[in-house]
Amino acid sequence: MGGGIAAPESQSTRKKGKKKKRKRLGFTLDMTPMVDVAFLLLTFFMLTTTFAKPNTMEVNLPSKDMSEVKVAESNVLTIRVTEGDKAYWNIGFDEPKPFELYDKSGEKPTISNEFRNILKTESEKIRQRVGEDVMAIVLKFDKKAQYRNLVDVLDELNILQYRRFSIADYTEQDAAEIEKVSGTQAGAAPANQP
């Protein structure tokens with residue numbers, strides 16, 4: 001071995017191994033301001049956000065103390081709605097006439113123009129006959145009619161600004177009149193066919 005000096009390997013490894021570990025400094029993060037801001041934002045959004053608009057209809061019902069209002073039968077437009085969106089109208093004691101409550105030509109069925117025309121035409125006829133706007137509308141819905149029918153009709157009356165309307169019970173007499181009319185139409189339909 002050639003008489004050289006041995007490299008101080010052991011010393012270098014010792015130096016590496018003897019590295020002094022640094023002492024960790026104490027570190028604390030004050031979370032209080034961040035929590036305050038988070039709760040402040042949470043409170044702000046809770047107070048200012050509307051999660052869902054109420055989907056209700058406001059109906060003003062007459063009080064028990066109201067006296068009875070007499071209306072001439074010839075000024076009363078009765079609208080009856082039955083199962084399957086079938087609707088009928090009549091003035092006074094006239095025979096009920098069917099009409100299309102919905103226009104089903106679009107993607108969604110909408111209230112038909114026929115319904116609007118009946119309201120406007122009959123209101124105008126009564127106004128010309130009596131001299132003032134005194135038409136009262138009575139709505140009668142069969143138990144088998146859909147709730148949507150009632151909502152749509154009431155919406156349409158509100159849009160057209162008819163304020164004098166009431167909701168009455170759909171009696172057995174109403175059912176008999178409608179059955180009589182629909183039976184007459186069903187019986188008349190084959191006679192029109194060739």
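This is a short walk through the fold, the core and the ring contacts of one protein chain, in a model that is predicted.

I'll start with the layout. The chain has 194 residues, and 25% of them count as buried. In terms of secondary structure, there are five helices and seven strands. Reading from the N terminus, the order is α-α-β-β-β-β-β-α-β-α-β-α. As for contacts between residues with a separation of 6 or more, 56% come from residues that are 24 or more positions apart.

Next, the sheet. Five strands make up an open sheet, and their order across it is E3-E2-E1-E6-E7, with mixed pairing. At the edges are strand E3, residues 97–100, and strand E7, residues 165–168; each of these pairs on one side only. On average, neighbouring strands in this sheet are turned by 25° against each other, if you ignore direction. As a reminder, strands of a sheet pair through backbone hydrogen bonds, in either a parallel or an antiparallel way.

Take one pairing inside that sheet. Strand E1 covers residues 76–82 and strand E2 covers residues 86–91; the two are antiparallel, with six bridges between them. One position to look at is Ile79, whose bridge partner in E2 is Trp89. Both of these residues will come up again.

Now the helices against the sheet. Helix H3, residues 113–130, lies across E1, E2, E3 and strand E6, which is 136–141. The direction of H3 is at about 130° to E3. Helix H4, residues 147–159, also packs on the sheet, where it touches E1, E6 and E7. Relative to E6, the direction of H4 makes an angle of about 165°.

What holds the most contacts inside the largest nonpolar core? That core has 24 residues, and the ones with the most contacts within it are Ile79, Leu101 and Ile137. At least two residues of the core come from each of E1, E2, H3, E6 and H4. The biggest contribution is from H3, with four residues. In soluble globular proteins, nonpolar side chains tend to be buried together.

Leu101 is worth a closer look. Setting aside neighbours within four places in sequence, Leu101 contacts a list of residues that includes Val81, Ala87, Phe115 and Val153. Polar residues are on that list too, among them Asp85, Thr110 and Asn149.

Phe115 brings me to the rings. The structure has two aromatic pairs. In one of them, the ring centres of Phe44 and Phe45 are 5.3 Å apart and the planes are at 70°, so this pair is edge-to-face. Phe44 has 46% relative accessibility and therefore counts as partly exposed. Phe45, at 48%, is also partly exposed. The other pair is Phe99 with Phe115, and this one is stacked, with 5.7 Å from centre to centre and 5° between the planes. Phe99 is in strand E3 and Phe115 is in helix H3, 16 residues apart, so the pair links distant parts of the chain. Are these two rings buried or exposed? Both Phe99 and Phe115 are buried.

Last, two charges over rings. Trp89, the bridge partner of Ile79, has the charged end of Lys97 over its ring, 4.4 Å from the centre. At Tyr102, Arg148 lies over the face of the ring, 4.7 Å from the ring centre.

That is the end of the walk-through.

Key:
Residues are numbered from 1 along each chain as its sequence is written. This is a predicted model: local features need pLDDT of at least 70, side-chain atom pairs count only at pLDDT 80 or more; totals for chains, interfaces and linings use all residues. Side-chain values use heavy atoms; hydrogens and water are left out. Two strands pair if DSSP finds at least two bridges between them. Axes are lines fitted to C-alpha atoms, for helices over the stretch in contact, and angles run from 0 to 180 degrees between N-to-C directions. Contact means heavy atoms within 4.5 Å. A nonpolar core is a set of buried Ala, Val, Leu, Ile, Met, Phe, Trp, Tyr and Cys residues joined through side-chain atoms within 4.5 Å. Buried means under 20% relative accessible area, exposed over 50%, partly exposed in between (1.4 Å probe, protein chains only). Rings of Phe, Tyr and Trp (its six-membered ring) pair if their centres lie within 6.5 Å; planes under 30 degrees apart count as stacked, over 60 as edge-to-face and the rest as tilted. A charge sits over a ring if NZ of Lys or CZ of Arg is within 6 Å of the ring centre and within 35 degrees of the ring normal.
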